[in-house]
Amino acid sequence: MGAISAVLLAAGRGTRLAGPIPKAYLPLGGKPIIAYSLEVFSACALVSDLIIVIHPDDRELFANAVRSLAKPLTVVHGGAHRQESALAGVKAAQSEYVLVHDAARPFVSKELIERVIEAMKTHDAAVPVVPVTSSVKRVSEGFITADLDRSEIFFSQTPQGFRRELLLAALERACREHRYFSDEAGAVLALMRVKTIEGDPRNIKITTAADLKLAECFALELR
């Protein structure tokens, strides 16, 4: 199998988590949020190098947040939208495969990374998902219009793994057509089916203050 680059997205502003600094650099258990996933990907033997996509204004924050890593690290600047940031990271990769991960998911595990890679080998595109456990409704103008079958609805996670040329073509096409998707799998779905694997409930994305409080509990367990 060819080389695998890990692309970590950290260019977002985290507007739903108001704070003095961008979300990726907030302290969590004694170190910045961004440091957790960087360290896990750096320690993974199957990953050849790391590409971190940051906001241009965050260069000093990033330099202060990251310690020396075991893998080569490339820093690129993101765009106004997640999709543009992902495209910048994928363009910077020189490997056959890429893993794209939200830096705001600090508790990604080595085991999950390896399972995504294994599925990616066979299917060229693989995404971890977790089932929705609550009732799901479609709502319009404040009223329920339909009861949805939750057995067919899942939350997607990262890392999402793809053959690089496939993801590059999907992201370039989406940007060219001004179609913006919430994750990389959405862009790839326009070209092919995407394989799903079992995700990890602890692999949460920190978006709100409540998420941050839960993450603090997880971080205490890691000490």
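E141 sits in the loop that joins β8 (136–140) to β9 (143–148), in what is a predicted model. This residue has a positive phi of about 55° although it is not a glycine, and, with a relative accessibility of 78%, E141 counts as exposed.

A second residue with a positive phi is D124, which is likewise not a glycine and whose phi is near 70°. D124 lies in the loop between α4 and β7, directly after the end of helix α4, and its relative accessible area of 23% makes D124 partly exposed. As background to both residues, most residues other than glycine have a negative phi, and most peptide bonds are trans. The second half of that background bears on the peptide bond from T158 to P159, which is cis, with omega near 10°; P159 belongs to the loop between β10 and β11.

**The nonpolar cores**

In soluble globular proteins, nonpolar side chains tend to be buried together. Here the largest nonpolar core has 29 residues, of which I34, F41, F62 and L99 touch the most other members. At least two residues of this core come from each of β1 (4–10), α1 (33–43), β4 (49–54), α2 (59–65), β6 (97–102) and α4 (110–123), and the largest share, six residues, is supplied by α4. Apart from this core lies another, of 27 residues, which includes A11, V90, V129 and A187.

What does F41 touch, once residues up to four places away in sequence are set aside? The contacts of F41 are with A6, L8, V47, L50, K71, L99, H101, V108, I113 and P159, so that P159, the residue on the far side of the cis peptide bond, is among the partners of this core residue.

**Helices α1 and α4**

Helix α1 is largely enclosed by the rest of the structure, because eight of its eleven residues are buried. The buried residues of α1 are I33, I34, A35, Y36, S37, L38, F41 and S42, and two of these, I34 and F41, were named above among the core residues that touch the most other members.

In α4, the residues that are buried are L112, I113, V116, I117, A119 and M120. They are covered by elements that include β1, α1, β6, β7 (125–131), β11 (160–163) and β12 (195–198). The length of α4 agrees with what its residue count predicts, because at 1.5 Å a residue its 14 residues should span 20 Å, and its end C-alpha atoms are 20 Å apart.

**Two residues in strands**

Is D102 buried or exposed? D102, which is found in strand β6, has a relative accessibility of 6% and therefore counts as buried, the cut-off being under 20%. Leaving out residues up to four places away in sequence, D102 touches L9, R82, T158 and K205, and T158 is the residue that begins the cis peptide bond.

P27, by contrast, is exposed, with a relative accessible area of 58%. P27 is placed in strand β2 (residues 27–28), and its C-alpha atom is separated by 15 Å from that of R13, although the two residues are 14 residues apart along the chain.

**Cavity and pocket**

Rolling a probe the size of a water molecule over the atoms shows where empty space is left. The structure holds one cavity of 30 Å³ or more. The table sets the largest cavity beside the second largest pocket.

| Space | Volume | Lining by class |
|---|---|---|
| Largest cavity | about 40 Å³ | five nonpolar, no polar, three charged residues |
| Second largest pocket | about 190 Å³ | six nonpolar, four polar, one charged residues |

The lining of the largest cavity is made up of A170, R173, A174, E177, R179, F181, A187 and A190, and helix α5 (residues 164–176) gives the most to it, with three residues. A187 is also a member of the core of 27 residues.

The second largest pocket is lined by V127, V129, F154, S156, S182, D183, A185, G186, L189, V194 and T196, with β7, β10 (154–156) and α6 (184–188) as the elements that give two or more residues to this lining. V129, one of these lining residues, is likewise among the members of the core of 27 residues.

How values were computed:
Residues numbered from 1 in each chain as written. Predicted model: local features only at pLDDT ≥ 70, side-chain atom pairs only at ≥ 80, totals over all residues. Heavy atoms only, no water. Core = buried A, V, L, I, M, F, W, Y, C linked by side-chain atoms within 4.5 Å. Buried < 20%, exposed > 50% of the residue type's maximum accessible area, 1.4 Å probe, protein only. Helix = DSSP H or I, 4+ residues; strand = E, 2+ residues; numbered from the N terminus. Contact = heavy atoms within 4.5 Å. Expected span 1.5 Å × (residues − 1). 1 Å grid on protein atoms, 1.4 Å probe; cavity = no way out; pocket = protein on both sides within 12 Å on 5 of 7 lines; lining within 4 Å. Points joined across faces, edges and corners; volume = space filled by probe spheres on them. Nonpolar A, V, L, I, M, F, W, Y, C, P; charged D, E, K, R; others polar.
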